[in-house]
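This report takes up the overall form of a protein model, then its interior, and then a few places in its loops.

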Amino acid sequence: MAANITVNVQPHHLTIAEAMRTIVSFDGEGRPIVAFRNGINYVRGLSGEVLQKRVLAPGQKERRKLSDEERRRVLAELLTWSQQMIERIAATASSTERDWFERIRRWDVDRLEAERERFRKVYKPISILPPDQYRALVLQATEGCSWNHCHFCTFYRDRAFRIHSPDSFRNHIQQVKEFVGAGIGLRMAIFLGDANALIIPQPRLRELLRVVHEEFRIGPQADFKGIYAFLDIFGAERKTLDEYRELTAAGVRRIYLGLESGDETVFRLLNKPGSPAEAIEAVRTIKAAGIAVGIILLVGAGGERFAHDHVQRSLAAIAAMNLGPEDIVYLSPLIIPTDTPYLAQLQAFDSPPLSEDAILEQFNQLKQGARMVAGPGAKVVIYHIEEFVY
Ligand SMILES: C[S@@+](CC[C@H](N)C(=O)[O-])C[C@H]1O[C@@H](n2cnc3c(N)ncnc32)[C@H](O)[C@@H]1O
Ligand code: SF4
């Protein structure tokens, strides 16, 4: 191997690095997936979008999607660098490495960019996932959000809610498999999209889960360790303990709920469906059925006037959920959308938005508080919606 260049072959990805200054990893198809160059991290999603992350100053990080022009420039630079490295080391490479290099060489910027159109034919935009599911294989059993009216959330405004029929779902899965190709080895879990797939009435959900099992091996020893999904609280109140037990048996391992706030007034101000009390009840039922939960709290929700109650009542709600080591509390700092009624609502409630410093302070209060009140071993982690790319 040429000096300073290392190649690391894993079952489902390959990484080329040069003196830790530049690092690029590729999926089984030879498409770049993550990179580090000139102090900047890049993540290229299946959608073809590229997320750039870099530290601007201590404690200050930039996270943003690259523009079309920037993306093409960065991809060209990374591909050229990779080809040069491959040229330098090809002669001494093993046959497995040469096989990988062949796949990597097949890609140029135009072909990578054409993937964006292919993706759009297979998927509706994948607006968000929980942070521990960024590498899941998303199957859009539903499209959009059945509620779509929370004042702070713009993720699914671009589409009507729709539940797939078993036939159209199977067709979607076939297209997903073809598009992801050998890159599927990187995906360890199935995430049922979109915003609240578990709102699907049980008979239809049963059929769709059957299709998933016909198409994939799922289980602790299988390629996919389990099935995961979001649920809004409105839907959660509708399933019974027995129905959740059926989901446990079908391989559902964790359900993610946006509680956002344990305070009734803030909850109403946000226009969330249901109530904090119903959320607690739903979580208890889900956990009693043996399914873990991910609970999302919105840091800064409700503004100044309700800040104290938002923190205290959110922590009380978390405490009432009896979380355990398999559960996660996410803290999502609120990014105020410009084109929703959220700011007008704050005004109507006479509650100015929190400053950045106050949001940071509230984040620390919620983090420390949640660590104390969440059950033993439950994780408390940050949820940066800007850090997501699929
Ligand atoms: C798909 S949604 C939640 C799942 C489910 N639909 C529900 O409402 O329970 C994912 C999460 O993203 C977060 N989110 C949405 N809009 C946000 C915003 N503008 N700023 C910060 N977090 C946001 C919320 O915490 C929300 O629960
Ligand atoms: S927060 Fe959840 S329920 Fe509310 S609009 Fe967004 S996706 Fe739908």
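Which residues of the largest nonpolar core touch the most other members? In this predicted model, they are Leu137, Leu139, Ile190, Leu192 and Tyr390, in a core of 83 residues. Leu137 has contacts with Tyr123, Val176, Val180, Ile184, Arg187, Ala189, Ile190, Phe191, Phe216, Phe224 and Tyr390, when residues up to four places away in sequence are left aside. Apart from this core there is a second, separate one of 26 residues, with Val7, Val74, Trp81 and Phe101 among its members.

Turning to the protein as a whole, its secondary structure consists of 12 helices and 16 strands. The radius of gyration is 22 Å, which agrees with the value near 21 Å that a compact globule of 390 residues would have, and the C-alpha atoms occupy a box of roughly 65 × 50 × 40 Å along the principal axes. Of the 390 residues, 55% count as buried, and among contacts with a separation of 6 or more, 73% are between residues 24 or more positions apart. The accessible surface is about 17,300 Å², with 51% of it belonging to carbon and sulfur atoms. As for charge, the protein has 50 positive and 49 negative charges, whose mean positions lie 4 Å apart.

Several loop residues deserve a separate look, beginning with the backbone. Most residues other than glycine have a negative phi, and most peptide bonds are trans. Against that background, the peptide bond from Gly193 to Asp194 is cis, with omega near -5°, and Asp194 is placed in the loop between β11 (190-193) and α5 (202-215). Two asparagines, neither of them glycine, have a positive phi, as the table sets out.

| Residue | Phi | Loop | Relative accessibility |
|---|---|---|---|
| Asn148 | near 65° | between β9 (142-143) and β10 (162-163) | 17% |
| Asn271 | near 65° | between α8 (264-270) and α9 (276-288) | 25% |

Because its relative accessibility is 17%, under the 20% cut-off, Asn148 counts as buried, whereas Asn271, with a relative accessible area of 25%, is partly exposed.

Is Thr338 buried or exposed? Thr338 counts as exposed because its relative accessibility is 78%, over the cut-off of 50%. This residue belongs to the loop between β15 (328-333) and α11 (342-348). Although Thr338 and Thr154 are 184 residues apart along the chain, their C-alpha atoms are separated by 9.8 Å.

Definitions and conventions
Residues are numbered from 1 along each chain as its sequence is written. Chains are lettered from A and ligands numbered from 1 in the order in which they are written. This is a predicted model: local features need pLDDT of at least 70, side-chain atom pairs count only at pLDDT 80 or more; totals for chains, interfaces and linings use all residues. Side-chain values use heavy atoms; hydrogens and water are left out. Helices (H or I, at least four residues) and strands (E, at least two) are DSSP runs, numbered from the N terminus. The radius of gyration is taken over C-alpha atoms; the globule rule is 2.2 Å times the number of residues to the power 0.38. Buried means under 20% relative accessible area, exposed over 50%, partly exposed in between (1.4 Å probe, protein chains only). Contact means heavy atoms within 4.5 Å. Accessible areas come from the Shrake-Rupley method with a 1.4 Å probe; for residues, only the protein chains shown count as cover. Lys and Arg count as positive and Asp and Glu as negative; His and the chain ends are not counted. The place of a charge is taken as NZ of Lys, CZ of Arg, CG of Asp or CD of Glu. A nonpolar core is a set of buried Ala, Val, Leu, Ile, Met, Phe, Trp, Tyr and Cys residues joined through side-chain atoms within 4.5 Å.
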